[in-house]
Amino acid sequence: MKRREFIAAGLVLAVCARAGVAAPTKKGPSTAESMDVEVWQGLRRQLFGEREIAIDADDVIGLETPYRAADAASVPIAMRGHLDGSDGRYIKRMWLLIDQNPTPVVGVFEFFPESAGADVETRVRVNDYTFVRAIAETSDDKLYMTANFVKASGGCSAPASKDPAAAAQSLGRMKLRIDPPVQPGGAARAQVLIRHPNVTGLAMDQLTRMYPQPHYVRKITVSYRDRPVMNAEVTFAIAENPSFRFNFRHDGAGVLVVHAEDTEDTQFEARARVDENGMS
Amino acid sequence: MLPRIAGFAAGLVLAAVAARVWGAAAPLAVDEVAPGVFVHQGRIEDLSRDNGGDIANIGFVVGSRCVAVIDTGSTRRIGEALLAAVRAHTELPVCYVINTHMHLDHVFGNAAFEGEPGVEFVAAARMPASLSARAEAYLRTLDHEVGEAAAGSRAVYPTTLVDDTATLELGGRRLTLRAWPTAHTDNDLTVHDEQTGTLWTGDLLFERFIPIIDGSIRGWLDVIGQLSRLPAKHMVPGHGAVDVAGGDALSREQAYLANVAETVRAAIRRGDSLRDVLDAGDGSQIADWALAERFHGRNLSAAYTELEWED
């Protein structure tokens, strides 16, 4: 295991060095260069089998990441679907992957024809220098990927909680914020925050010499006017106190409902009534 | 043939001797900021191969019975050099190794002191959990940033934990330890030497080196207020100058953190996302602080994820 990690890291660094010369505009190596990473080759087989994945896909899926993460415990990431429906297709699923994390699959996000586009921002834990990947599956069952390199290391940065006691104390508290649509009937933006320590279970308790049970938010379901907006299955790679921003189609007054479930089957729910102007 | 083998062997012996002399750490340079209180000033830099991880202020206090070491540096090698500095000043045993918090630049030299007979490793009660959650990442960081000079470094955990306050006797000299609510980290510990009125603040106080939030910005601002009311003659910050009077340095730190909190609160009120805030503030405008371009963004991130929960 250890040895494999080193090989993977070596590959990444080699790729990095080459890209420094080749791609002066975009920082770090390109999606094409990310294809060589050993971890990815395993993941690809596991998740997508022999399916083809297009990689020059900026017109389908965008991925926004910082090149150097300010804080490895909470790295803001955006996956933005760029299909506007004009070719009759929509993005029905997006995967977010981090090659060098202990669990590379951060989450799978599902969207619907009535979702206002596949677009999600969240914050993740990043363990090392690594590629982050966004993969989109369109309604005609095609796959598209874009990958960015992220340096999350240095200083006293670590993907760990700053105040786990405080996060555990108010577990389950939620905040739901809605930005009205620019145009009536268009896409409104919402953010949900869930107070949760999102315990990875990977850090040994030094007193008991035991590993804690992983305890994290694993499922998010969003609906507006009883129609699905976004469903997500996520892992503990999502940062403590999970945050998600997404779009929903504001086609009249209604109630936005965000439902969450953690690994202990605890259910959380937040609701916001939105009026015909998109104000909540 | 024979002479050549002998020459080769002699060369090997010389190389071995040289390695031993070079490997036996040269003592760290220390200043005696008050009688019996010795501090080594770390460089005002982030970890690098060039500085070998020597970036934090670390040192020791000498009593008539034994010595307390306060923080041990980023690597085993720095810990060994600190031990050599202790030995250059006294033959007394090291009875305590105190860690002011779990950050690697204050802790990963602990391993150099494990061989001291009867030594106790002392830290705040929440330190072991915070260190174990990060130890693996810290070792990777040392490997990436410092490389070979960090060889042999590993986490050595405290054997004595401080919940609230504790007193350590060094013989004719008493240290008062105090664990604080979440501030710079969730396990900050200060060490007060009553005899000289010297307060080791750990990273509750940064001087010149930009303060780094890894706990709670609100908690830290609160603790700064409390520190400024303590009657200390000398303060030893975790980074920057090794001896400050407290007042001015605490005010500068307070002003920076208060400004970060206000900037972030205004952004949250406007509906700006964490990404927006990070894109807007890369630290290049924070002229007063060293390493702002490296850590200001991190502080904005920490402040944002804390303050977005305020009502």
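In the predicted model, helix α6 of chain B comprises 24 residues, 247-270, which at 1.5 Å a residue should span 34 Å; the end C-alpha atoms of this helix lie 35 Å apart, in agreement with that expectation. Eight positions need to be considered along its length: the buried residues of α6(B) are B:A249, B:L250, B:E253, B:L257, B:V260, B:A261, B:V264 and B:A267. An α-helix has 3.6 residues a turn, so residues three or four places apart point the same way. The buried residues of α6(B) pack against five elements of chain B, namely strands β11 (198-206) and β12 (234-239) together with helices α5 (217-228), α7 (274-280) and α8 (292-307). After α6(B) comes B:G271, with a positive phi near 90°.

Two of these packing partners, α7 and α8 of chain B, recur at the contact between the chains. This contact draws 34 residues from chain B and 31 residues from chain A. On the side of chain B that touches chain A, the elements contributing two or more residues are α4 (127-145), α7 and α8. Of these, α4(B) supplies the largest share, eleven residues. Classified by residue type, this side of chain B contains 13 nonpolar, twelve polar and nine charged residues.

Chain A is divided into domain 1, covering residues 1-157, and domain 2, covering residues 160-280. Between them, 25 residues of domain 1 are in contact with 24 residues of domain 2. Strands β5 (105-111) and β6 (119-124) of chain A are the elements that give two or more residues to the side of domain 1 that touches domain 2. The greatest contribution to that side is made by β5(A), with seven residues. By class, the side of domain 1 facing this contact has twelve nonpolar, seven polar and six charged residues.

Strand β5(A) also belongs to an open sheet of nine strands in chain A, ordered β1-β8-β7-β4-β5-β12-β11-β14-β15 and mixed in its pairing. The edges of the sheet are formed by β1 (53-54) and β15 (267-274) of chain A, each of which pairs on one side only. Strands of a sheet pair through backbone hydrogen bonds, either parallel or antiparallel. Within this sheet, β4 (residues 91-98) and β7 (residues 130-138) of chain A run antiparallel and are joined by seven bridges. One residue pair that can be specified is A:I98, whose bridge partner in β7(A) is A:V132.

How values were computed. Residues numbered from 1 in each chain as written. Chains lettered and ligands numbered in written order. Predicted model: local features only at pLDDT ≥ 70, side-chain atom pairs only at ≥ 80, totals over all residues. Helix = DSSP H or I, 4+ residues; strand = E, 2+ residues; numbered from the N terminus. Expected span 1.5 Å × (residues − 1). Buried ≥ 20, exposed ≤ 12 C-beta atoms within 10 Å, placed from the backbone. Contact = placed C-beta atoms within 7 Å. Domains from an automatic or database assignment. Nonpolar A, V, L, I, M, F, W, Y, C, P; charged D, E, K, R; others polar. Pairing = 2+ DSSP bridges.
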